[in-house]
Every structure is written in C-alpha cells, then in structure tokens.
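Q: I am new to this structure and would like a close look at a single part of it, followed by a walk through what lies around it. Could you guide me?

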Amino acid sequence: MILLTGATGTVGGHVLRLLATGDARPSPAPAPVPVRALVRDPSRLAPPFGVEVVRGDFDDPGSLRAAMEGVTDLFLATAAGPSVAAHDTAAVGAAAAAGVRRVVKLSALRVPGVRMRVAEWHAPGEQALEESGMAWTLLRPAGFASNSLQWAEAVRAGGPVPNTTGEGRQAVVDPRDVAEAAAAALLSPRGSRHEGRAYVLTGPEPMSVPDQVAAIGRLLGPGRAPGCVDVPPAAAAEAMRGAGMSEDFVGAALQGMEMLGSGRGEILGDGVREALGRPARPFEDWVRDHLDAFTGARPE
Ligand SMILES: NC(=O)c1ccc[n+]([C@@H]2O[C@H](COP(=O)([O-])OP(=O)(O)OC[C@H]3O[C@@H](n4cnc5c(N)ncnc54)[C@H](OP(=O)(O)O)[C@@H]3O)[C@@H](O)[C@H]2O)c1
C-alpha cells in the first residue's frame, strides 16, 4: 500500500494520477499497487478509480497513525511554510512506528553558500528520515514551472508581468518531472537505486523571468508578448504582507527573490536524468500544456 500526502497539491496530484493510471509502472507491470490518499477535506479530491481516500491532517497525530496502517511506502509532501518541519517529522515518526519501509520526500533545492529558509524548513524532515531506519529518497527541486501561473492574470490582460528578480535566472522544473521521479522511486523494487538518493531536480536551462515571459509570448502567438516590469523585492514583500501572508513566509519569499536576483540561483541538477533516464522537460512544454490559463480559455 502506497500512502500519498499532498494529493490535492501540484506534485502530489500528478503522483496520484501516475500511480492510479499505471502510466508510471515499469514494464512488465507488477501487480497493481494499492494507493491511499490522505487529505484534510476528502470533498476536495475526486480520486481516480480504485484510490482509497482517508481524512487526515499532519497536525492530528491520531489521523496519521490510522492512515499509516498497512502502508509500505509513503509519499511525503507538505505545504510550503514554517510548518514543514513539524509536519514532516510528525509524518516520519508515524511512518516509522507503523512499519513503513520507504519514504519519498518532496524537499527543496539547496543553494550552495546560502542558508535558504525554505531549505531550512525541510532540513529537520530530511534528517528525521535519514535517522529513521526507513529507506528514503529525497526530491530537491528548483522552483516549479507552474509558479508562472501567478502571471496568468497579467498575461491575459496583455501584460506587463511583474519581475522581482531582474535578469537573475533559475532552471525551473516541470512539476510533472518531479512527480515522475517520485512515482519511479515509489514503484521501484526494495533496495532499488533510488534509495538513499537526493535528486536535484531542475529544468534543462536557467531562464530569467523575462526569458520565461518571452517563451509564453512566443507560444501565445505573434503580437502577444506581454513584457515585464521591474518590481523591487521589498515592494513585492509589502504586497504579500498586505495580502495577509505570514512574516515567515514573506521573509522566505524575499530571500528567494534576492538570491535569484543576485544570480546565485543558476543551479543545474541532473536529477531528472538520474531518476528517469531522460532529459528534463523544457519550460515551453509546461506552458504549451497549460496555455489555456494564459489565454483565458478556461480558468487556471
Ligand atoms: N513551488 C515551488 O516552486 C517549490 C519548489 C521547490 C520545493 N517546493 C516544496 O514543495 C512543497 C509543496 O508542494 P506542492 O506545490 O506540490 O504542494 P501544494 O500545491 O502547495 O499543496 C500542498 C498540499 O499539502 C496539503 N496540506 C497542507 N496542509 C496540510 C496538513 N496540515 N495536513 C495534511 N495535508 C496538508 C494540501 O492539502 P489541502 O487540500 O488540505 O490544502 C495540499 O495537498 C513544499 O514543501 C515546498 O517547499 C516547492
């Protein structure tokens, strides 16, 4: 039994579909894998046929204990924020106590020489896993290509897109690549090459925000380039505070903007090729498959 957390989220949603449809199963396919999804509000998930859905919350230890019963493999995805550490360690503790054999944890990229707050949110969970006695795989992705959905409204309005990172570049990763790496590890035999690995998952090339916006414009068609407007990170942080975001979250976002803007985010990892034996999907692939969000043909 594989237990998925974060199944209503970006990566977990893809993992759920991959496991449920069998697209990720190695060929020849092993026996169908029973899948259970832990969600806070089951009404938010229309699970694919055959997937068991249980109500649960990382903040509710009893629900974690119940959800782990009979589980062999856990996909651990927590929502970004300072609660990551508590949620990860609660889930790892419950998994170890229930006899779970392997955990695949969605973590975050580490930037050499920078104590990134986001990586620090994930460090206690990574450490708990490494000390747990369970087998583990860590997924350390760069920023997701899907974060560009935050520009959808501006693009639909014809632009410009606010740019808080200047010409700073990062190799954004397609969340489907992250999910496929997770599924490959979850479905692999015991003792597989995925165990004990920390995959650095990035896209194939570093791109600035103007590069990404230009790519969106090319796919929208002639005369549809939305352009960018520079916004100081401090102004963006103030807007985030105004929208009610916590100071922890705003601080981490500000640090991310400053790190990227200073050019230190140009990290290329080979995790997609190492995990999946193929190159990472380019940013353009993700945009092409979600173009409706930028045209308004349907809401993102
Ligand atoms: N976005 C990026 O660019 C990026 C880059 C690198 C790493 N990451 C890491 O990726 C993770 C986020 O992944 P994602 O974007 O796939 O997720 P997401 O779309 O943000 O969704 C978060 C998931 O966590 C669930 N959740 C939240 N609080 C919970 C709780 N108390 N108990 C149980 N489930 C809870 C949510 O379920 P509900 O339906 O109940 O809300 C949802 O399924 C974060 O840890 C982040 O640090 C993100």
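Q: Which residues in helix 3 are buried?

A: Happy to help, and please keep in mind that this is a predicted model. In helix 3, the buried residues are Val84, Ala85, His87, Asp88, Ala91, Val92, Ala94 and Ala95. Among the elements that cover these buried residues are helix 2 (61-68), strand 4 (73-76), strand 5 and helix 4 (117-130). The helix itself runs over residues 84-98, and its 15 residues should span 21 Å at 1.5 Å a residue; the end C-alpha atoms are 21 Å apart, so the two values agree. Just after helix 3 comes Gly99, with a positive phi of about 85°.

Gly99 leads us to a loop residue, Val71. Leaving aside neighbours within four places in sequence, Val71 is in contact with Gly99, and also with Met1, Leu3, Arg36 and Val100. You will find Val71 in the loop between helix 2 and strand 4. Its relative accessibility is 3%, so Val71 counts as buried. For a sense of scale, Val71 and Pro48 are 23 residues apart along the chain, and their C-alpha atoms are separated by 19 Å.

Now for the nonpolar cores. The largest one has 34 residues, and those with the most contacts inside it are Leu4, Val15, Leu19, Phe75 and Leu139. Two or more residues come from each of strand 1 (2-4), helix 1 (10-21), strand 2 (35-39), strand 5 (102-106), helix 6 (175-187), strand 9 (197-201) and helix 10 (271-276). Helix 6 gives the most to this core, namely eight residues. A second, separate core has 20 residues, including Leu38, Val92, Leu129 and Trp136. You have met Val92 already, as one of the buried residues of helix 3.

Phe75 is a good residue to pause on. Not counting residues up to four places away in sequence, Phe75 touches Leu3, Leu4, Thr5, Val11, Gly12, Val15, Val104, Leu106, Leu139, Ala182 and Leu186.

Next, look at how helix 1 meets helix 6. These two helices pack at an angle of about 50°, with their axes 8 Å apart. That angle makes helix 1 oblique to helix 6. From helix 1, the contact is made by Thr10, Val11, His14, Val15, Leu18 and Leu19, and from helix 6 by Pro175, Arg176, Val178, Ala179, Glu180, Ala182, Ala183, Leu186 and Leu187. The crossing of helix 1 past helix 6 is right-handed.

Another helix pair to view is helix 8 (residues 233-242) with helix 9 (residues 247-261). Their axes come within 10 Å and cross at roughly 160°. An angle over 145 degrees counts as roughly antiparallel, so helix 8 is roughly antiparallel to helix 9. Helix 8 contributes Pro233, Ala234, Ala236, Ala237, Met240 and Arg241 to the contact, while helix 9 contributes Glu247, Phe249, Val250, Ala253, Leu254 and Met257. Here too, the crossing of helix 8 past helix 9 is right-handed.

Pro233 also helps to place Ala142: the two are 91 residues apart along the chain, with their C-alpha atoms separated by 19 Å. Ala142 sits in the loop between strand 6 (135-141) and helix 5 (152-156). With 7% relative accessibility, Ala142 counts as buried. Apart from neighbours within four places in sequence, Ala142 is in contact with Leu109, Ala171, Val173, Leu201 and Thr202.

Ser148 is found in the loop between strand 6 and helix 5 as well. At 1% relative accessibility, Ser148 counts as buried. Not counting residues up to four places away in sequence, Ser148 touches Phe283, Trp286 and Phe294.

Our last stop is helix 7 (residues 209-220). Its twelve residues reach 16 Å from the first C-alpha to the last, close to the 16 Å expected at 1.5 Å a residue. Val209, Gln212, Val213, Ala215, Ile216, Gly217 and Leu220 are the buried residues of helix 7. They pack against helix 5, strand 7 (161-163), strand 10 (207-208), strand 11 (228-230), helix 11 (283-289) and helix 12 (291-295). Just after helix 7, Gly221 takes a positive phi of about 120°, and Gly99 just after helix 3 likewise has a positive phi.

Terms used
Residues are numbered from 1 along each chain as its sequence is written. This is a predicted model: local features need pLDDT of at least 70, side-chain atom pairs count only at pLDDT 80 or more; totals for chains, interfaces and linings use all residues. Side-chain values use heavy atoms; hydrogens and water are left out. A nonpolar core is a set of buried Ala, Val, Leu, Ile, Met, Phe, Trp, Tyr and Cys residues joined through side-chain atoms within 4.5 Å. Buried means under 20% relative accessible area, exposed over 50%, partly exposed in between (1.4 Å probe, protein chains only). Helices (H or I, at least four residues) and strands (E, at least two) are DSSP runs, numbered from the N terminus. Contact means heavy atoms within 4.5 Å. The expected span of a helix is 1.5 Å times one less than its number of residues. Axes are lines fitted to C-alpha atoms, for helices over the stretch in contact, and angles run from 0 to 180 degrees between N-to-C directions. Angles under 35 degrees count as roughly parallel, over 145 as roughly antiparallel, 65 to 115 as roughly perpendicular and the rest as oblique. A crossing is left-handed if the near helix is turned anticlockwise from the far one by less than a right angle, and right-handed if clockwise.
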